[in-house]
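Please find below a colleague's note, prepared for discussion at the bench. It takes up the ligand site and then one helix.

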Amino acid sequence: MLWRIAIVLAMLLAIVSCSGESSENGAALRLVILGPPGAGKGTQVEKVQAATGIAHISTGAMLRAEFARGSELGERVKMIMARGDLVDDATILDIVAVRLAQPDCDGGFILDGFPRTIDQADGLDVILAEQSKGTVAVIDLSVPDNVLMERLLGLGRADDTDATIRNRIEVYREQTAPLISFYKEKGVLIEINGDQSIDDVAAEIAKKLKL
Ligand code: AMP
């Protein structure tokens, strides 16, 4: 009799520890950071990454690496990027799916510069479901347009002419900003005021993510 109870207890323990494992996986920090060009996403992502060790996935950096090594994809997207327009959704979803499948993303990740359209956000949901990666929380780093222009012109990146900068902001407002209400409706939006010092923005993010 006693050994039967012991077996049942052992089985129960095994079930509890397995579900413990899956809830641990469920707790992996999976983030998206939204914000117009010049909002300071890159800087803040570095801080989140330093605090948590999660993988940083920047689609812009991945595309720049492609044309730096002269790949066919790099050549194809070069002019689109120089204009500040968006690369097509299918191309972006392909590179994100491959990147998210890499083992360093199992412990969590932060997507920077992706998704940029509602179709990309829908595509991300499909990728996450296919890879059993749960759902994302979304940081929205908001900064007014006039502050962005000042910041971006100050940065003076060689490929950023005034017209390109304006176009990138416009493209963001038209195609990417709708994601803010998309994620708000899903109840996963974390709103952050990006118009404050780097350290204050970082502190607000850390507080809201409970880092
Ligand atoms: P970023 O470094 O995120 O500002 O990206 C630089 C450029 O790469 C953008 O202006 C787009 O041309 C392209 N790009 C980066 N991420 C995406 C994306 N998710 N969808 C479409 N185009 C992108």
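The points below concern a predicted model.

1. The ligand shell. The ligand is surrounded by 14 residues, and the closest are Thr59, Arg64, Asp85, Gly113 and Gln120. By class, the shell divides into six nonpolar, four polar and four charged residues. Helix α3, which spans residues 59–68, gives the most to this shell, with four residues.

2. Polar contacts of the ligand. Two arginine side chains approach oxygen atoms of the ligand: a polar side-chain atom of Arg64 lies 3.0 Å from one oxygen atom, and an N or O atom in the side chain of Arg168 is 3.1 Å from an oxygen atom. The backbone also takes part, since a polar backbone atom of Val87 is 3.1 Å from a nitrogen atom of the ligand.

3. Burial of the ligand. Taken alone, the ligand exposes 480 Å², and the protein buries 93% of that area.

4. Dimensions of helix α10. This helix covers residues 198–209, twelve in number. From the first C-alpha to the last, α10 reaches 16 Å, close to the 16 Å expected at 1.5 Å a residue.

5. The two sides of helix α10. Which residues of α10 are buried? They are Val201, Ala202, Glu204, Ile205 and Leu209. Seen down the axis of α10, these buried residues fall within an arc of 160 degrees, so they line one face of the helix. The face turned away from the buried side of α10 carries Asp199 and Lys207, both of which are exposed. The charged residue Glu204 is thus to be found in the buried set, whereas Lys207 is exposed.

Technical notes:
Residues are numbered from 1 along each chain as its sequence is written. This is a predicted model: local features need pLDDT of at least 70, side-chain atom pairs count only at pLDDT 80 or more; totals for chains, interfaces and linings use all residues. Side-chain values use heavy atoms; hydrogens and water are left out. A residue is near a molecule or strand if one of its heavy atoms lies within 4 Å of it. A polar contact is a pair of N or O atoms within 3.5 Å; within protein, one must be able to donate a hydrogen and the other to accept it, and residues adjacent in sequence count only if both atoms are side-chain atoms. Accessible areas come from the Shrake-Rupley method with a 1.4 Å probe; for residues, only the protein chains shown count as cover. Helices (H or I, at least four residues) and strands (E, at least two) are DSSP runs, numbered from the N terminus. Ala, Val, Leu, Ile, Met, Phe, Trp, Tyr, Cys and Pro count as nonpolar, Asp, Glu, Lys and Arg as charged, and the others, Gly among them, as polar. The expected span of a helix is 1.5 Å times one less than its number of residues. Buried means under 20% relative accessible area, exposed over 50%, partly exposed in between (1.4 Å probe, protein chains only). The arc is that of the directions from the helix axis to the C-beta atoms.
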